[in-house]
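Please open the model in the viewer and set it to a ribbon display, with side chains available on request. The stops below are meant to be followed in order, one selection at a time.

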Amino acid sequence: PAYGRLLKHMIPVLFSIGSLSISSFGHFLALGFEFGIFLVWRLSRAWDLDEERTLDLTLLIFIGGLIGARIYFVILNLPIFVSSPLNLILINKVPGFSFWGGILGGWLTLYIFARRFKMDLWLLSDIALVGVLGGLILSDLGCFFGGCNIGAPTSAFFAVTMEGSLGKRWPVQVIEALLLSLRLVKIWSEAPHF
């Protein structure tokens, strides 16, 4: 019964202060970023990497990922931006990011700065992947509470009613978070760490 009540009442907005609203997805995305940084920091210590430089690189990768995500979104939706190029930077007016653009932008940033900092690209890529997994787990949960990435309609006993959609759906966000968690536990158990 408690599970059913939770699933019937998604929480797209956690709270509002005046006109400022904090969304579930945004909150969990921020938590995912922090969790990812924590995982990267722990693994960089285990591999005796310069922790400060690794954390600096993590911030640069995040910024590169955001830029890549926005550019990819713009390319996919070019007609919106051709008529008004200012929409490219007015994210509050025309919001949108692309997951694959973020991955591409982040990896490209990692490649450029790993060479500049003279660090092992493949070791950093392995460590970054663990951080990305941690971030994806929490962002999937934010998607679940926020009602994004809805699954296909189903009549299964674990189906959920998603905000803004008709009928019960597969809770694909929770399933993906669970599968990624299992993968992260396996990777973490095999990785050297303190």
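Begin by selecting Arg45, which is partly exposed, with a relative accessibility of 31%. The model is a predicted one. Now add Glu51 to the selection: the side chains of Arg45 and Glu51 meet in a salt bridge, with 3.7 Å from N to O. Glu51 is likewise partly exposed, at 31% relative accessibility. The structure has two salt bridges by the rule applied here; the other appears later in the tour.

**Helix α2**

Select residues 24-46, which make up helix α2. The helix has 23 residues and spans 33 Å from its first C-alpha to its last, close to the 33 Å expected at 1.5 Å a residue. Display the side chains of its buried residues, among them Phe28, Leu39, Val40 and Leu43. Arg42 also belongs to this buried set, as do Gly32 and Gly36. What do the buried residues of α2 pack against? Their partners are β1 (13-17), β2 (20-23), α3, α6 (121-146) and α7 (172-190). Before leaving this helix, select Asp48, which follows α2 and has a positive phi, near 55°.

**Helix α3**

Next, select residues 51-76, the extent of helix α3. This helix has 26 residues and reaches 37 Å from its first C-alpha to its last, close to the expected 38 Å. Its buried residues include Leu57, Phe73 and Val74, together with Gly64, Gly65 and Gly68. Arg70 is buried in α3 as well. The buried residues of α3 pack against α2, α4 (78-83), α5 (99-116) and α6.

**A nonpolar surface patch**

Keep α3 in view and switch to a surface display. Select Leu59, Phe62, Ile63, Leu66, Ile67, Ile71, Ile75, Ile91 and Phe97, which form a nonpolar patch on the surface. Together these residues have about 790 Å² of accessible area. For a single member, centre on Ile67, which lies in α3. Ile67 is partly exposed, with a relative accessible area of 46%.

**The loop between α5 and α6**

Select Phe117, located in the loop between α5 and α6. Which residues does Phe117 contact, leaving aside its neighbours within four places in sequence? They are Arg53, Leu57 and Leu60. Leu57 has already been met among the buried residues of α3. To gauge a distance, add Phe25: its C-alpha is 34 Å from that of Phe117, and the two residues are 92 apart in sequence.

**The disulfide**

Select Cys143 and Cys148, which are joined by a disulfide with 2.0 Å from S to S. A search of the whole structure finds one disulfide. The angle about the S-S bond is -115°, and the link is left-handed. Are the two cysteines buried or exposed? Cys143 is buried, with a relative accessible area of 5%, whereas Cys148 counts as partly exposed at 24%.

**The salt bridge in α7**

Finally, select Lys186 and Glu190, whose side chains meet in a salt bridge with 2.5 Å from N to O. Why are these residues separated by about one helical turn? The reason is that Lys186 and Glu190 are four residues apart in helix α7. Lys186 is partly exposed, with a relative accessible area of 42%, while Glu190 counts as exposed at 57%.

Conventions: Residues numbered from 1 in each chain as written. Predicted model: local features only at pLDDT ≥ 70, side-chain atom pairs only at ≥ 80, totals over all residues. Heavy atoms only, no water. Patch = residues over 30% accessible without salt bridge, like charges linked within 9 Å, V, L, I, M, F, W, Y side chains within 5 Å. Areas by Shrake-Rupley, 256 points an atom, 1.4 Å probe, with all protein chains shown as cover. Salt bridge = Lys/Arg side-chain N within 4 Å of Asp/Glu carboxyl O. Helix = DSSP H or I, 4+ residues; strand = E, 2+ residues; numbered from the N terminus. Buried < 20%, exposed > 50% of the residue type's maximum accessible area, 1.4 Å probe, protein only. Expected span 1.5 Å × (residues − 1). Contact = heavy atoms within 4.5 Å. Disulfide = S-S within 2.5 Å.
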